[in-house]
Amino acid sequence: MEGAILGTPAYMPPEQAAGEVARIDARSDVYSLGAILYEILTRTPPYRGPPQEVLNRITLGILEPPSRRAPNAAVPRELEAVALKALEKEPERRYRSASELTEELRRWLRGDPVEARHPGLLY
């Protein structure tokens, strides 16, 4: 139905929440996977609140990024960086595909350096 919201706002990429259909692509799925990974690592979704409130914050562009330090201190910093990169508000800053995210996770599992970095002060 036109105008109906399909999905759970806490896992919905900003471009989908804003109804920007032309911007939805594989990176939108990466965002949702990043939200799931973040919740697995921290035991809390990246964005909390009533669904309509979360959706409004997303569509108004006032969605704050998840904590730059995961609520679970046992989460390795590199793995947190991977999840946060997948959750970037701008699609251009995310992994380009689920395959790219998968390869990054495989690097981490092998003990190789990951490409994701925590944003610096200028970010």
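This passage describes the confidence, the nonpolar cores and the surroundings of one buried arginine in a predicted protein model.

Residues are numbered from 1 along each chain as its sequence is written. Because the model is predicted, local features need pLDDT of at least 70 and side-chain atom pairs count only at pLDDT 80 or more, while totals for chains, interfaces and linings use all residues, and side-chain values use heavy atoms, with hydrogens and water left out.

The protein chain has an average pLDDT (the predictor's confidence in each residue, from 0 to 100) of 84, and 80% of the residues score at least 70. Among helices (DSSP runs of H or I, at least four residues, numbered from the N terminus), confidence is highest in H5 (residues 98–110), at a mean of 97, and lowest in H3 (residues 51–59), at 77.

The largest nonpolar core (buried Ala, Val, Leu, Ile, Met, Phe, Trp, Tyr and Cys residues joined through side-chain atoms within 4.5 Å, buried meaning under 20% relative accessible area with a 1.4 Å probe, protein chains only) holds 13 residues, of which Val 30, Leu 37, Leu 41, Val 82, Tyr 95, Leu 101 and Ala 116 touch the most other members. Two or more residues come from each of H2 (26–42) and H4 (77–86), and H4 gives the most, with 5 residues. A second, separate core of 11 residues includes Ala 17, Tyr 31, Ala 35 and Ile 58.

Arg 94, in the loop between H4 and H5, is buried, with a relative accessible area of 3%. The side chain of Arg 94 makes a polar contact (N or O atoms within 3.5 Å, one able to donate a hydrogen and the other to accept it, with residues adjacent in sequence counted only if both atoms are side-chain atoms) with the side chain of Glu 15, at 2.8 Å.

Methods. Buried < 20%, exposed > 50% of the residue type's maximum accessible area, 1.4 Å probe, protein only.
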